[in-house]
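Visitor: Could you walk me through this structure, one question at a time?
Guide: Gladly, let us look at it together.

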Amino acid sequence: MRPSDDMLPGHGEPPAPRDERGGRDAPELSPGRRIGGIAAHLAVRLLVLLVFATVMGATGITGTDGTPTERGTALATGCARVGPVSASGLGWWWRCEATISWADGRTEQRTFKYSDLTPDNTTTPAPVERRELDNRGSNVVVSSAGEWAPLGWALFAPLLGLALLGVRLPSRDAERRRRARLGIWPPALLAAGWWLVVAGGLGSGRLDLLGWVPVVVVVAGHVFLAVGAGFALARRRHGYPVVEPPVPVGGRLARANLLLVLGVLGLGGALLSGQALLGVLALAALPVVALGFGLRTRLVAGRLRALHPAH
């Protein structure tokens, strides 16, 4: 006797959701966990936005934006300590009200954030300048506030992109973490990109020779971050393959050794260049990346060899 449809297991129940990335049943998230995940992602993006505001203000990028049109001095009339979270971002800062005296005798009131002025400036005026911003009006900044501006401009696009794209929170899936450990590119690209952007930004304007190197390093960092973000987004949509294909590791080990040799030679040349510390940082940025990729490639090759001894 043929069983009726009602007697078949699971009849009348909706099919279990399938995980397109691995082809296996995907666990159904409870409303609480779903809401918690959304809240966690929003909290991370808010934190990145605060870091973005902090870096942009602390590096003084507004102090280099626009063309100076007039100069004067600012005398603080009162300062307050703000933080740890404020309009200045994260950390503790001085926020000062000040009276600005221009060269033609005019005066005006301004507020300065990010400790551009401190209580010391209630007795000692600070030099300021007005910078015209094309059709966007003008901005008044402390004349010496832009020393670290190259670092701020280098981090502008990556931090803004990170705030928009968000951060992939660590997975609780042990199998997915295992497959991630067998990948060379996504983790290495993102780490190398951030390192290059920071090193190039810090080294800008610090070299007596090869002054173009920091710019190349920053551009390379942006490229690494863009490619790494592409890998990360692809992994979000498609995940890691369920089964790692067997791959020959001999070629990978040869490339890893070549990268290690090039990294050591480049790092040695940077250290012997006789430049200032931040200049050496920019010169050593790409050699350090070569060392990092060499070490990462050797590490992954060893793991793959353990999984596939015949290769």
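What follows is a friendly exchange of questions and answers about this predicted model.

Visitor: What pattern does the chain follow, read along the sequence?
Guide: The chain has 7 helices and 7 strands. Read from start to end, these elements follow the pattern α-β-β-β-β-β-β-β-α-α-α-α-α-α.

Visitor: What share of the residues in the chain is buried?
Guide: A residue is called buried when its relative accessible area is under 20%. Taken over the 311 residues in the chain, buried residues make up 33%.

Visitor: What is the order of the strands in the open sheet?
Guide: Start with E1, which pairs with E4 in the antiparallel sense over 10 bridges. E1 also pairs with E6, again antiparallel, over 7 bridges. E6 is joined to E7 by 5 bridges, and these two run antiparallel. The open sheet of 5 strands has the order E5-E4-E1-E6-E7.

Visitor: Which strands stand at the edges of that sheet?
Guide: The sheet is open and has 5 strands with antiparallel pairing. An edge strand here has a single partner strand, so one side of it is left without a neighbour in the sheet. The strands in that position are E5 and E7.

Visitor: How many degrees does the twist average from one strand to the next?
Guide: The strands to follow are those in the order E5-E4-E1-E6-E7. Going from one strand to the next, the twist averages 35 degrees.

Visitor: Which residue is the bridge partner of Thr67 in E6?
Guide: Two strand pairs give a useful comparison: Ala80 stands opposite Arg95 in E4, and Val128 stands opposite Val142 in E7. Thr67 has its partner in E6, a strand that pairs with E1 over 7 bridges. That bridge partner is Glu132.

Visitor: How many of the 7 residues of E6 are buried?
Guide: E6 pairs with E1 and is joined to E7. E6 is largely enclosed by the rest of the structure, because the number of its 7 residues that are buried is 5.

Visitor: Is the pair of Trp93 and Tyr114 stacked or edge-to-face?
Guide: By the ring-centre rule the count comes to 4 aromatic pairs. The centres of Trp93 and Tyr114 are 5.6 Å apart, with the planes at 80 degrees. Planes over 60 degrees apart fall into one class, so this pair is edge-to-face.

Visitor: How many residues apart in sequence are the parts that this pair ties together?
Guide: Trp93 lies in strand E4, while Tyr114 is in the loop between E5 and E6. Both Trp93 and Tyr114 are buried. The pair therefore ties together parts whose separation in sequence, in residues, is 21.

Visitor: Does Ser115 count as buried or partly exposed?
Guide: Tyr114 and Ser115 both lie in the loop between E5 and E6. Phi is near 60 degrees in Tyr114 and also near 60 degrees in Ser115, a positive value in a residue other than glycine. At 17% relative accessibility, Tyr114 counts as buried. Ser115 has 25%, so it counts as partly exposed.

Visitor: Which peptide bond is cis?
Guide: Look at the loop between E1 and strand E2, where Pro84 has its place. The bond that leads into Pro84 has omega near 0 degrees. This cis bond runs from Gly83 to Pro84.

Visitor: Over the ring of which residue does the charged end of Arg206 sit?
Guide: Aromatic rings also gather elsewhere, as Phe52, Trp153 and Phe156 form one aromatic cluster. The charged end of Arg206 is 4.8 Å from the centre of a ring. That ring belongs to Trp148.

Visitor: Which element gives the most to the largest nonpolar core?
Guide: This core has 16 residues, and those with the most contacts inside it are Leu196 and Phe293. Helices H4, H5 and H7 each give two or more residues to the core. With 6 residues, the element that gives the most is H7.

Visitor: Which residue's backbone oxygen does the side chain of Thr297 reach?
Guide: Thr297 lies in helix H7. Thr297 is buried, with a relative accessible area of 9%. Its side chain reaches a backbone oxygen at 2.6 Å, and that oxygen belongs to Phe293.

How values were computed:
Residues numbered from 1 in each chain as written. Predicted model: local features only at pLDDT ≥ 70, side-chain atom pairs only at ≥ 80, totals over all residues. Heavy atoms only, no water. Phe/Tyr/Trp six-rings, centres within 6.5 Å; stacked < 30°, edge-to-face > 60°. Helix = DSSP H or I, 4+ residues; strand = E, 2+ residues; numbered from the N terminus. Buried < 20%, exposed > 50% of the residue type's maximum accessible area, 1.4 Å probe, protein only. Lys NZ or Arg CZ within 6 Å of the ring centre and 35° of its normal. Pairing = 2+ DSSP bridges. Axes fitted to C-alpha atoms, helices over the stretch in contact; angles between N-to-C directions. Polar contact = N/O pair within 3.5 Å; in protein donor to acceptor, adjacent residues only side chain to side chain. Core = buried A, V, L, I, M, F, W, Y, C linked by side-chain atoms within 4.5 Å.
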